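Visitor: Please take a close look at the aromatic side chains of this model, and then follow the chain to the other places that deserve comment.

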Amino acid sequence: MANKGRLTTGIFCLFLAGLLVWHIALPDRARSETENRTLAQFPDFSWETLKNGSFTAGMEDYFADQFPLRDDWTGLKARCEQLLGKREFNGVYLCGDTLIAKVDEPDRLQMEKNLDYVKRFGEASHGRVLLGLIPSAAEVWKDRLPQGAPSFDQAAFIQNAAEKTGLPTVDLLGALTEHAGEPIYYRTDHHWTTRGAFYGANALLAALGKEPLKETDFTPEVASMDFNGTLYSTSGIHWLAPDTIEYWVSEDDLRVTSWKSGKEAAGRLYDRSYLEHKDKYSSFLGGNQPLCVLENPAITDGSKLLLIRDSYSDSLAPFLAQRFSEVHLVDLRYYHTSVADYMAEQGIDTTVVLYSVSNFLADRNLIYLAPRG
C-alpha cells in the first residue's frame, strides 16, 4: 500500500514537473483571443516589489494566464461544473443553447448619479433629448433563465428612469419583447443581433415621429458564421455552436467619418478586418471611438440626430441613417468636451441617450453630460 502511495505521488510530481517544463518551453502569449483580453506577463523584479507583495501577486497572475492549454482547461472546468448541475458560470447563465448574462443589483449611488446627469443634460439642452434604455436578454428572455435565477428587474428600472429624468423615452423593451421569439440577441454575446437592432431602430424612429423601416427593404448579408462573443469568453462554455453576424444596410449608400485615432478620417460602415479576429462585433463601424458620423447623401432635408452611445448603437446607427441626413455618435468614455457645444456647432437639435441597461447602471462617464459647473 505504501509503495502504491509513493508511486501515485511520484506520478503526480512528474506531471507537475512536466507542466512546468512545458510552461517554460512555450513562448508567452500577449493576448488571449478566446477571452479577448491582454494576458499577464512576467513581472519586473525588485526588492521593493518583493517586499510589498506585488511581485508574488504578479507571478500568480502570470502563471495563471500563461498556463499551457489554458483555454482548454477553462472549457473542461465549465463542462465538469455543468455535469454537476451548475447553471451559472462567472455571471453567465447557460440556458439550453444560449448564454445569458446575469444583471446584478447595481451600485444605487452610481445609478442615481447617472439618472441625475441625464436629467440635468435634458434640462439644459436647447434641443430635444430622449432616453433610450436597451434591456438585455436577461429581461426579454427571462423565461429562459434557470428557475429561481436572480437577475435585476430591468423593466422596473426603465420605468423609474423615465420618472426620475422626466425625459420622453423610447420603448425598446416593448419593441424587443414583441419579437422575443426571434433571434434578437446573440447566443454567445451580450449584444443584440442585427435583427434586434432593426427592431430597436424602428422603436426609436417611432418615438421621433419618423416613418418605420421595412424588413423587405434590406437584403441581409451573412458576414460571419463563426462568432464567439463575450459570454463565450467569460463563461468558459466553449461547446455551443457559434453565432452568425449579418449586415443588412448597404455600404454603398452611406458615407462614414471616424475620429477613432483622435483625428478626422474616412471610416467604414463595416470594418471587415475584425471578422478575422474574435471581436467580430467591432466590425460594425470599427468598434469603440470618441466620435463617428454617418451621412446619407440621399436625404437632403438637413435632419441630424445625435446618439450618446454604447456599443449597441454601432449595429443600430446604419438603420437610423436611412431616415436622417446625418447620424452622429458620441462615446463619453473618450469624448470629454461639452456635448451641448458640439450640438450647437453641428446644428443638431435631437439627441438620444442610448445605452444598454447594464452599461447605464455602471457607467462613470455620464458625468460628462452634465452642464459644466
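Guide: What follows begins with the aromatic rings and then moves on to the cavity, the cysteines and some single residues.

This is a predicted model, in which local features need pLDDT of at least 70 and side-chain atom pairs count only at pLDDT 80 or more, while totals for chains, interfaces and linings use all residues. Numbering starts from 1 along each chain as its sequence is written, and side-chain values use heavy atoms, with hydrogens and water left out.

Over the whole structure, 19 aromatic pairs are found; rings of Phe, Tyr and Trp (its six-membered ring) pair if their centres lie within 6.5 Å, with planes under 30 degrees apart called stacked, over 60 edge-to-face and the rest tilted. One of them joins Trp141 and Tyr185: the ring centres are 5.3 Å apart and the planes stand at 75°, so this pair is edge-to-face. The two residues are 44 apart in sequence, and the pair links distant parts of the chain. Trp141 belongs to the loop between helix H6 (137-140) and helix H7 (154-165), whereas Tyr185 belongs to the loop between helix H8 (172-178) and helix H9 (194-207). Helices (H or I, at least four residues) and strands (E, at least two) are DSSP runs numbered from the N terminus. Trp141 and Tyr185 are each buried; buried means under 20% relative accessible area, exposed over 50% and partly exposed in between (1.4 Å probe, protein chains only).

Phe152 and Phe157 form another pair, with ring centres 6.1 Å apart and planes at 50°, so the pair is tilted. Phe152 is buried, as is Phe157. Elsewhere, Tyr186, Phe227, Tyr247, Tyr270, Tyr281 and Phe284 make up one aromatic cluster.

Some rings also have a charged side chain over the face, the rule being that NZ of Lys or CZ of Arg is within 6 Å of the ring centre and within 35 degrees of the ring normal. Trp141, already met in the edge-to-face pair, has Arg144 over its face at 3.8 Å from the ring centre. Over the face of Phe324 lies Lys210, at 4.7 Å from the ring centre.

The cavity search comes next. Across the whole structure, 1 cavity of 30 Å³ or more turns up. A cavity is a set of points on a 1 Å grid over the protein atoms alone where a 1.4 Å probe fits but cannot get out, and lining residues have an atom within 4 Å of a point. The volume of the largest cavity is about 30 Å³, counted as the space filled by probe spheres set on the points. Its lining consists of Leu131, Gly132, Leu133, Ile158, Thr169 and Val170. Strand E6 (residues 128-134) gives the most to this lining, with 3 residues. Sorted by class, the lining holds 4 nonpolar, 2 polar and no charged residues; Ala, Val, Leu, Ile, Met, Phe, Trp, Tyr, Cys and Pro count as nonpolar, Asp, Glu, Lys and Arg as charged, and the others, Gly among them, as polar.

Turning to the cysteines, the model has 0 disulfides, taking a disulfide as a pair of cysteine sulfur atoms within 2.5 Å. Cys95 has a relative accessibility of 10% and therefore counts as buried. Cys292 has 2% and is buried as well. The C-alpha of Cys292 is 7.2 Å from that of Val256, although 36 residues separate the two in sequence. Val256 sits in strand E9 (residues 255-258) and, at 7% relative accessibility, counts as buried.

Two residues have a positive phi without being glycine. Asn90 shows a phi of about 55° in the loop between strand E3 (88-89) and strand E4 (92-95), and its relative accessible area of 62% makes it exposed. Leu285 shows a phi of about 65° in the loop between strand E10 (265-266) and strand E11 (291-295), but Leu285 is buried, at 5% relative accessibility.

Two further contacts bring together residues that are apart in sequence. Ser303, in the loop between E11 and strand E12 (304-308), is buried with a relative accessible area of 13%. Ser303 and Ser325 are 22 residues apart in sequence, with their C-alpha atoms 5.1 Å apart. Ile367 falls in the segment after helix H13 (357-362) and is partly exposed at 41% relative accessibility. From Ile367 to Asn114 the C-alpha distance is 7.1 Å, across 253 residues of sequence.

How values were computed. 1 Å grid on protein atoms, 1.4 Å probe; cavity = no way out; pocket = protein on both sides within 12 Å on 5 of 7 lines; lining within 4 Å.
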